[in-house]
Amino acid sequence: MSATAIAHTNIALIKYWGKADPDLRLPLMNSLSMTLDKFYTETTLSWQTSDQFFLNGKLQAAADSQRVFSYLHLLERRLNLPNRHYLVRSVNHVPTSAGLASSSSAFAALAAAFDQLQQLHLSRQDLSRLARLGSGSATRSIFGGFAEWQAGDDANSYAVPIDERPKLDLHLLVVELDQQPKKISSTIGMQRAQTSPFYQTWLERNPDEIAQMKLAIQQADFDKIGQLAELNANEMHALNLTAQPPFTYFEPATMQIIKWVQAWRAAGIPCYYTIDAGPNVKILTSLKNCKVLSSRLAQLMPSAKIVVTNFGPGVKSWSNSDME
Ligand code: DP6
């Protein structure tokens with residue numbers, strides 16, 4: 001018996017950047033995201049006599065598998081299930097070789113595959129709470145379209161769908177840069193950001209930013225969504241630059257793309273950017289302008305990998321019989 005789940009990556013338009021409780025992965029603020037169609041993780045889970053994790057067909061060393069198995073054993077304890085060993089086979093489906101590896105799709109898929117293997121039949125709300133324990137952003141990948149993850153305590157911090165099938169022509173142009181700089185994980189990055197003198201302001205602004213974004217989504221106001229997303233991303237990266245010690249995920253190419261986006265906008269093409277815990281840039285624009293901007297980017301920065309994405313669905317899971 002084995003179980004398979006597919007979960008799609010999400011990109012936050014109003015970001016989670018700070019924890020109230022690192023063990024329970026409770027956020028200090030609400031966040032709101034868009035689930036993507038082109039990037040997803042497919043995970044198959046079964047029981048066996050020792051823990052083994054294959055990622056994209058390759059057996060992972062114990063050190064690289066630790067987060068996965070600590071998570072599965074944590075779920076067992078929380079749900080009062082017996083302690084067992086697992087074979088985990090995950091494949092990250094990404095349209096280019098570099099990929100946008102994401103813990104959001106990884107832990108959402110793992111939570112759903114666990115639920116399916118154990119035949120727990122959890123609600124999506126409960127799945128979202130469990131996904132949260134693996135990685136904060138995974139909380140939102142249970143749902144498609146737009147989802148909001150609520151701050152709160154262990155019982156009520158989960159994501160809720162806002163609109164799982166938005167009609168809006170909002171596409172995301174993912175620009176993957178060549179550089180693979182030394183990474184500061186999001187877990188460490190958000191911890192350091194809390195030392196910024198602007199951190200309190202970041203927290204105080206969150207309820208209003210969420211409310212404005214929800215209104216913009218409801219009104220299908222593309223420009224407003226873009227403006228709010230870009231401002232929120234800039235605020236997050238300003239925290240990093242003003243942390244003690246300061247740091248940034250930006251690389252020179254990141255800055256270059258920011259300037260191009262600003263110039264294209266000034267020239268009348270509605271487009272906005274958002275950036276997460278890495279140098280890649282995601283550009284929010286319409287489908288028509290995605291095509292225009294991808295060809296401009298391909299000329300200006302031939303080494304960048306460009307993927308046009310749209311809204312993706314929520315998590316799915318199923319059981320495989322022993323006949324497979
Ligand atoms: C910048 O979910 O990766 O993408 O909970 O420590 O695993 P952990 O962090 P993670 O952080 C995501 C940070 C972000 C913003 C966001 O997705 O909201």
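A polar contact is a pair of N or O atoms within 3.5 Å; inside a protein, one atom must be able to donate a hydrogen and the other to accept it. Keep that in mind while reading this predicted model.

Start with T41. This residue sits in strand β4, which covers residues 31–48. Its side chain makes a polar contact with the side chain of N92, at 2.8 Å. That distance falls within the 3.5 Å limit, so the pair qualifies. T41 has a relative accessible area of 1%. Buried means under 20%, so T41 is buried.

H8 offers a second case. It belongs to strand β1, residues 2–14. The side chain of H8 reaches the backbone oxygen of D37 at 3.2 Å. Here the partner atom is in the backbone of D37, whereas T41 meets a side chain, that of N92. H8 has 7% relative accessibility, so it too counts as buried.

Now turn to the ligand. Its shell holds 18 residues. The closest are Y16, K19, G136, R140 and T187. Two of these five also supply short polar distances. A polar side-chain atom of Y16 lies 2.6 Å from an oxygen atom of the ligand. For R140, a polar side-chain atom is 2.7 Å from a ligand oxygen. S135 joins in as well: an N or O atom of its side chain is 2.7 Å from an oxygen atom of the ligand. How much of the ligand's accessible area does the protein cover? On its own the ligand has 460 Å² of accessible area, and the protein covers 94% of it.

What kinds of residue make up this shell? Six are nonpolar, six are polar and six are charged. Helix α4, residues 186–193, gives the largest share, with three residues. Both domains take part. Domain 1 (2–166) and domain 2 (171–309) each provide at least three residues of the shell.

The two domains also meet in a nonpolar core. In soluble globular proteins, nonpolar side chains tend to be buried together. The largest nonpolar core in this model has 45 residues. Within it, W17, L45, Y71, L72, Y86, V88 and L110 touch the most other members. Helix α2, residues 103–117, gives the most to this core, with nine residues. Why does the core lie between domain 1 and domain 2? Domain 1 (2–166) and domain 2 (171–309) both give residues to it, so the core lies between them.

Next come the loops, with some backbone details. Q119 lies in the loop between α2 and α3 (124–134). Its phi is near 55 degrees, a positive value in a residue other than glycine. At 39% relative accessibility, Q119 is partly exposed. A220 also has a positive phi, about 50 degrees, although it is not a glycine. Look for A220 in the loop between α5 (199–218) and α6. This residue is partly exposed, at 44% relative accessibility.

Move on to the loop between α6 (222–241) and α7 (252–266), where P245 is found. The peptide bond from Q244 to P245 is cis, with omega near -5 degrees. Q244 is in the loop between α6 and α7 too. Is Q244 buried or exposed? Its relative accessibility is 57%. Exposed means over 50%, so Q244 counts as exposed. Q244 and S196 are 48 residues apart in sequence, yet 6.6 Å apart in space, C-alpha to C-alpha.

S303 shows a similar kind of pairing. It is placed in the loop between α8 (287–300) and β13 (305–309). S303 and D178 are 125 residues apart in sequence and 6.3 Å apart in space, C-alpha to C-alpha. At 40% relative accessibility, S303 counts as partly exposed.

End with P279, in the loop between β11 (272–274) and β12 (281–285). Is P279 buried or exposed? With 11% relative accessibility, P279 counts as buried. P279 and S50 are 229 residues apart in sequence and 37 Å apart in space, C-alpha to C-alpha.

Notes
Residues are numbered from 1 along each chain as its sequence is written. This is a predicted model: local features need pLDDT of at least 70, side-chain atom pairs count only at pLDDT 80 or more; totals for chains, interfaces and linings use all residues. Side-chain values use heavy atoms; hydrogens and water are left out. A residue is near a molecule or strand if one of its heavy atoms lies within 4 Å of it. Accessible areas come from the Shrake-Rupley method with a 1.4 Å probe; for residues, only the protein chains shown count as cover. Helices (H or I, at least four residues) and strands (E, at least two) are DSSP runs, numbered from the N terminus. Ala, Val, Leu, Ile, Met, Phe, Trp, Tyr, Cys and Pro count as nonpolar, Asp, Glu, Lys and Arg as charged, and the others, Gly among them, as polar. Domain bounds come from an automatic or database domain assignment. A nonpolar core is a set of buried Ala, Val, Leu, Ile, Met, Phe, Trp, Tyr and Cys residues joined through side-chain atoms within 4.5 Å. Buried means under 20% relative accessible area, exposed over 50%, partly exposed in between (1.4 Å probe, protein chains only).
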